[in-house]
Amino acid sequence: MMSAAKRQARETDDVFQRTVLPNGLRIITSEMPQTRSATVSLYVGAGSRYEVDAEAGLSHFLEHMLFKGASRRPTAQEIAEAIESVGGLHNAATDRELTVYYAKTPDFAALETIDILSDMVTAPEMDPVELEKERMVILEELSSVEDNPGELAAILADETLWPDQPLGRNIGGAMETARSLPLSAVERYFRAQYVPSNMVLSVAGNITHEAVVEAASRWLGPAPEGEAHAWHPVEPRGESPRVGVRTKATEQAHLCLTYPALPLGHEDQYAAGLVSALLGEGMSSRLFLELREERALVYDVHSYMSEYRDAGAFTVYAGCDPSNARVTLEAAREEIERFLCDAGDEELEKGKRMVTGRIQLRMEDTRSVAAWLGGQELVLDEVLTVDEVVAMVEGVTLDDLRRVGGDLLRPEAATIAAVGPFEDDSVFAGVI
């Protein structure tokens, strides 16, 4: 974490500005006068890592309920029309460590949008009739996952890597809890987590920091102080099986080869990101060129990083013919080992250009900028600028790349998740 002096000095920069209201609400803005839009995002420390097993999916259920009406716009239609009538778009997302509500609108509607989202997160209607209607919608959403075996494989990968704990649980919860969660549990969770000190208002676009602070002070300033519940830390896997199989009559096998990785803020975070970029992100990546272009084993193969406060995961996903499931995983392992042995300076420079270029392209969009600011502020309590992150990516050496890759991608640390027409896990014996 950065020192208080460094943080205070940086907050006077033109990159972003930060204000904390007396009730603890953090406001962070990026003025982008070259745009004609603004994105207003409200981040809340609420997610599946804050839930006990009996209330799995509670954060997601609450997210749905906040769109059903609030004190100044008491119906879902009024909330939607307030945004859509000016051509805007709005949505929300629940993750493991946060929930975000956002709306992107023309710049002239930004301050009214603060009013709309503030009303949703401070004074929702919580109508029991609407809760029962939304329960059915959530059950349909959970059912839709059953028709997406790639998504099922990702969920199974988390369950296998982090068994019997919130970090490995499906964010949306389970059918059983979605059917039974009472309104009292939703209201209790709302009162506990949706307190100002557990929220960040992030706004980016053609706005001024002063105007945003004034609007936030009006609509969010009166919200009473409170102390939110803490999240559940990661627990060791123990002796749990390292291969998870979900039997499903699919035409393709959906495979995830997953390794424990680094938490957010780790000093090797950017080296790990470069390992993923070079191995499996894009059609010029090693895994794509070897498994698809050269060996024609897959249609889709890619890698991705998942990073949390105290844990992380590095995952390689592949979709292939079930008869090729074992050889596909073996080929991925072989390419990983080859990468760790012969990655060179030229390849490292390619990865740096790719990663830094993606970051810079993201910063042209107000929604991406608001997410960059709000997500870091809520989870890490600090915000690194694009230039700071680019400098850290550029500072990764070839020794760093090989060291971090070797530390993370050890066969004995890996897990396998497979969704497809497999009776058991015998086909994967000895792959890791």
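Biologist: Which residue stands opposite G205 in β6?

Modeller: Keep in mind that this is a predicted model. Strand β2, residues 26-31, is joined to β6 by six bridges, and the two run parallel. Across from G205 in β6 you'll find E31.

Biologist: And β3, does that strand pair with β6 in the parallel or the antiparallel sense?

Modeller: In general, strands of a sheet pair through backbone hydrogen bonds, in one sense or the other. For β3 (residues 37-44) and β6 there are seven bridges, and Y43 stands opposite V200 in β6. The sense of the β3 and β6 pairing is antiparallel.

Biologist: How many residues of β6 are buried?

Modeller: Side chains in a regular strand alternate between the two faces of the sheet. In β6, M199, L201, V203 and G205 point one way, while V200, S202 and A204 point the other way. Both sets are buried. For strand β6, residues 199-205, that makes seven of seven.

Biologist: Let's move to V213. Is V213 buried or exposed?

Modeller: V213 sits in helix α9, which covers residues 209-219. Its relative accessible area is 15%, and the cut-off for buried is under 20%. So V213 counts as buried.

Biologist: Which residues does V213 contact, leaving aside its neighbours within four places in sequence?

Modeller: One partner is far off along the chain: V213 and T19 are 194 residues apart in sequence. In space, their C-alpha atoms are 7.5 Å apart. With those sequence neighbours set aside, the contacts of V213 are T19 and I27.

Biologist: There's another sheet to look at. Which are the edge strands of the open sheet with the order β7-β11-β8-β10-β9?

Modeller: That open sheet has five strands, and its pairing is mixed. An edge strand here pairs on one side only. That picks out β7 (243-247) and β9 (298-307).

Biologist: What stands opposite T258 in β10?

Modeller: T258 belongs to the pairing of β8 (residues 253-260) with β10 (residues 312-320). Eight bridges join these two strands, which run antiparallel. The residue opposite T258 is T315.

Biologist: Which helix packs on the sheet at about 150° to β11, and which one runs at about 35° to β8?

Modeller: The helix at about 150° to β11 (415-420) covers residues 149-161 and touches β7, β8, β9, β10 and β11. The helix at about 35° to β8 covers residues 325-342 and lies across β8, β9, β10 and β11. In the order you asked, they are α6 and α12.

Technical notes: Residues numbered from 1 in each chain as written. Predicted model: local features only at pLDDT ≥ 70, side-chain atom pairs only at ≥ 80, totals over all residues. Heavy atoms only, no water. Buried < 20%, exposed > 50% of the residue type's maximum accessible area, 1.4 Å probe, protein only. Helix = DSSP H or I, 4+ residues; strand = E, 2+ residues; numbered from the N terminus. Pairing = 2+ DSSP bridges. Contact = heavy atoms within 4.5 Å. Axes fitted to C-alpha atoms, helices over the stretch in contact; angles between N-to-C directions.
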